[in-house]
Amino acid sequence: MKIFLDTAEIEEIKIAARWGVLDGVTTNPSLYAKVGGSYDAILQEICKITSGPVSAEVISDDVEGMLTEGRHFAKLAPNIVVKVAMSENGLEAISRLADEGIKTNCTLVFSTNQGLLAAKAGASLISPFVGRLDDINQDGMTVIRELAEIFSLYSIEAEILAASIRNPLHMTQAALAGAHVATVPFKILQQMVHHPLTDKGIVQFKKDWEAAQQAAAAKS
Ligand code: E4P
């Protein structure tokens, strides 16, 4: 499963890239608002760090507006993927952008049927929001699992991107449910690295090594 970072924070993206675990980045208007400045400049900076897909979200409600924004983003870097929210206009924009060879990520997907429609319209990435479904007492991972089964049954090429990941367990569950990608906040990526027994083991190994060095030095 590919791992994308769900952030517009350049430093976080640089760290994940240095760890060798970064396959792409997703941004959205809320993540951008936390950083501020020029959205275009941030996207270009991110695209210099990773050659993987970088999602840039349109905010227009009408098809022509979505197309104008999408074409603009697509010119910023070759790895930009235009993020379009699920809606009737969104499906049309996805279909027309696909005809122009521009890749899209259909966002704000909350049902299997929405995901199926987005794939049929031509989206490359389909983003079910797992955490926001869990928040309203619906099992977000069911959408991932059902889409994975349907895409496999009908050899649909679109990739399922598990979004709105809230904890490390979501990452494991998304992988087991058949998500092709999961996008994760940096804090959760850090949590995935750590385990109390790993951290304790590192301290103990270092302590034992130093004790052995001191004993050897005392003998010589
Ligand atoms: C990513 O593409 C989504 O915009 C993001 O994962 C949403 O996460 P949230 O529900 O925590 O805002």
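A molecule sits in a pocket if more than half of its atoms lie within 2 Å of the pocket's grid points. By that rule, the ligand in this structure sits in the largest pocket. Please keep in mind as you look around that this is a predicted model. The notes below start with the ligand's home, move on to the ligand itself, and end with a second pocket.

**The largest pocket**

- The space in the largest pocket comes to about 330 Å³.
- Its lining is made up of 22 residues, and those nearest the centre are Asp6, Asn28, Leu31, Arg132 and Ser164.
- Two elements, helix H2 (29–35) and strand S5 (104–109), each give at least two residues to the lining of the largest pocket.
- H2 provides the largest share of that lining, with 3 residues.
- Sorted by class, the lining of the largest pocket holds 9 polar, 7 nonpolar and 6 charged residues.

**The ligand and its surroundings**

- To find the ligand's neighbours, look for Asp6, Thr26, Asn28, Lys83, Phe129, Arg132, Ala163, Ser164, Arg166 and Thr183.
- This shell around the ligand consists of 4 charged, 4 polar and 2 nonpolar residues.
- Lys83 places a polar side-chain atom 2.6 Å from an oxygen atom of the ligand.
- For Ser164, an N or O atom of the side chain is 2.7 Å from a ligand oxygen atom.
- Arg166 has a polar side-chain atom 3.0 Å from an oxygen atom of the ligand.
- On its own the ligand would expose 350 Å², and the protein buries 85% of that area.

**The second largest pocket**

- The second largest pocket has a volume of about 180 Å³.
- It is lined by 13 residues, with Pro53, Lys103, Ser124, Leu125 and Glu159 closest to its centre.
- Strand S1 (2–6) and strand S4 (80–85) each contribute at least two residues to the lining of the second largest pocket.
- In this second lining there are 7 nonpolar, 4 charged and 2 polar residues.

**Where to look first**

- A good starting point is Ser164, which is among the residues nearest the centre of the largest pocket and is also one of the residues around the ligand.
- Asp6, Asn28 and Arg132 likewise appear among the residues nearest that centre and among those around the ligand.

Technical notes: Residues numbered from 1 in each chain as written. Predicted model: local features only at pLDDT ≥ 70, side-chain atom pairs only at ≥ 80, totals over all residues. Heavy atoms only, no water. 1 Å grid on protein atoms, 1.4 Å probe; cavity = no way out; pocket = protein on both sides within 12 Å on 5 of 7 lines; lining within 4 Å. Points joined across faces, edges and corners; volume = space filled by probe spheres on them. Helix = DSSP H or I, 4+ residues; strand = E, 2+ residues; numbered from the N terminus. Nonpolar A, V, L, I, M, F, W, Y, C, P; charged D, E, K, R; others polar. Near = heavy atom within 4 Å. Polar contact = N/O pair within 3.5 Å; in protein donor to acceptor, adjacent residues only side chain to side chain. Areas by Shrake-Rupley, 256 points an atom, 1.4 Å probe, with all protein chains shown as cover.
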